[in-house]
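Here are a few notes to read alongside the model you are about to look at. Take them in order, with the structure open beside you.

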Amino acid sequence: SSGINAEYGNTIKVWDVLRGQCMLTLSSHTQGVTSIRWSGDDLIYSASQDRTIKVWRPSDGVLCRTLQGHGHWVNSMALSTDYATRIGAWDPALQGKGQSEDALTVYNKYKGAGEEFMVSGSDDFTLFLWHPAKSNKPVCRMTGHQQLINQVMFSPNGRKIASASFDKSVKVWDGKSGKFVATLRGHVRAVYQISWSADCKLLVSGSSDSTVKVWCMRTFALLQDLPGHADEVYTVDWSPCGTKVVSGGKDKVLKIWRA
């Protein structure tokens with residue numbers, strides 16, 4: 001059983017988590033690593049303040065390719081299969097009946113017949129859509145935000161992408177083509193994080209304005225405003241079963257909301 005972590009410097013370490021031993025150290029970035037993802041295709045992706053995303057083979061630490069295009073720090077990246085790799089065999093639809101050997105079946109269901117997509121968001125106000133396992137050329141460049149992008153996230157079914165920005169908005173994009181779909185406006189300060197509901201019908205956002213907001217993904221309208229935090233909301237997450245949202249922030253409090 002293996003895990004990965006990025007250090008304060010420019011390196012990535014691959015760990016045997018059962019033995020507590022470092023198996024590999026991956027070095028190629030020239031500035032700090034900001035985000036890492038372990039793909040279901042057994043590749044490691046790393047994003048950095050050096051404006052690049054690198055693709056690694058964890059079996060031997062080989063650098064497969066470097067993805068370039070962003071003009072500033074890469075803050076966030078997400079895979080179209082993130083939800084599948086998060087829940088593994090324990091798909092909420094199975095009500096706890098899944099077995100570990102079903103994980104690949106669940107992954108392939110969410111991946112579909114095509115390649116795994118990646119989206120990246122940057123301080124340069126743009127997003128890029130990639131097929132990182134096969135090409136170092138972006139599928140498209142996605143523009144529209146007026147300030148840096150703090151987080152990007154695919155919907156669980158991979159059909160949509162949401163991006164949270166310091167421009168006080170959340171934008172929604174098509175997960176296959178990268179085309180702009182909608183802008184969600186309502187926050188009055190920077191939006192830090194977002195999270196999709198398991199059924200892809202709702203999106204939650206947390207902001208510097210101290211509120212948590214729930215959005216309808218059919219109409220792209222504000223469905224519910226959840227005040228209660230005394231200061232900035234740094235992080236939000238939706239439970240995989242879809243029944244609860246958790247939020248946390250500068251007020252040192254975690255709040256659990258019933259969906």
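1. Let's start with the aromatic pairs: there are four of them in the structure. Keep in mind that this is a predicted model, so treat what follows as a reading of that prediction.

2. One of the pairs joins tyrosine 192 and tyrosine 234, whose ring centres are 5.6 Å apart. A pair like this is described by the distance of the centres and the angle of the planes. Here the planes stand at 55°. Edge-to-face would need an angle over 60 degrees and stacked one under 30, so this pair counts as tilted.

3. Which parts of the chain does this pair tie together? Tyrosine 192 sits in strand S16, while tyrosine 234 belongs to strand S20, which covers residues 233-238. The pair therefore links parts that are 42 residues apart in sequence.

4. Are the two tyrosines buried or exposed? Tyrosine 192 has a relative accessible area of 14%, and because the cut-off for buried is under 20%, tyrosine 192 counts as buried. Tyrosine 234 comes out at 38% relative accessibility, so tyrosine 234 is partly exposed.

5. The tyrosines also have company: Phe166 joins Tyr192 and Tyr234 in one aromatic cluster.

6. Now for the sheet that contains S16. It is an open sheet of four strands, ordered S16-S17-S18-S19, with antiparallel pairing. At its edges are S16 (191-196) and S19 (222-226), each of which pairs on one side only. From one strand to the next, the twist averages 20°.

7. Zooming in on that edge, S16 pairs with strand S17 (residues 202-207) in the antiparallel sense, and five bridges connect them. If you want a spot to click on, try tryptophan 196: its bridge partner in S17 is leucine 203.

8. Next, have a look at another open sheet, this one built from four strands in the order S12-S13-S14-S15, again with antiparallel pairing. Strand S12 (149-154) and strand S15 (180-185) are the edge strands, pairing on one side only. The twist in this sheet averages 20° from one strand to the next.

9. What holds for the pairing of S12 and S13? Strand S13 takes in residues 160-165, and S12 meets S13 over five bridges in the antiparallel sense. A residue to pick out here is phenylalanine 154, whose bridge partner in S13 is isoleucine 161.

Conventions. Residues are numbered from 1 along each chain as its sequence is written. This is a predicted model: local features need pLDDT of at least 70, side-chain atom pairs count only at pLDDT 80 or more; totals for chains, interfaces and linings use all residues. Side-chain values use heavy atoms; hydrogens and water are left out. Two strands pair if DSSP finds at least two bridges between them. Helices (H or I, at least four residues) and strands (E, at least two) are DSSP runs, numbered from the N terminus. Axes are lines fitted to C-alpha atoms, for helices over the stretch in contact, and angles run from 0 to 180 degrees between N-to-C directions. Rings of Phe, Tyr and Trp (its six-membered ring) pair if their centres lie within 6.5 Å; planes under 30 degrees apart count as stacked, over 60 as edge-to-face and the rest as tilted. Buried means under 20% relative accessible area, exposed over 50%, partly exposed in between (1.4 Å probe, protein chains only).
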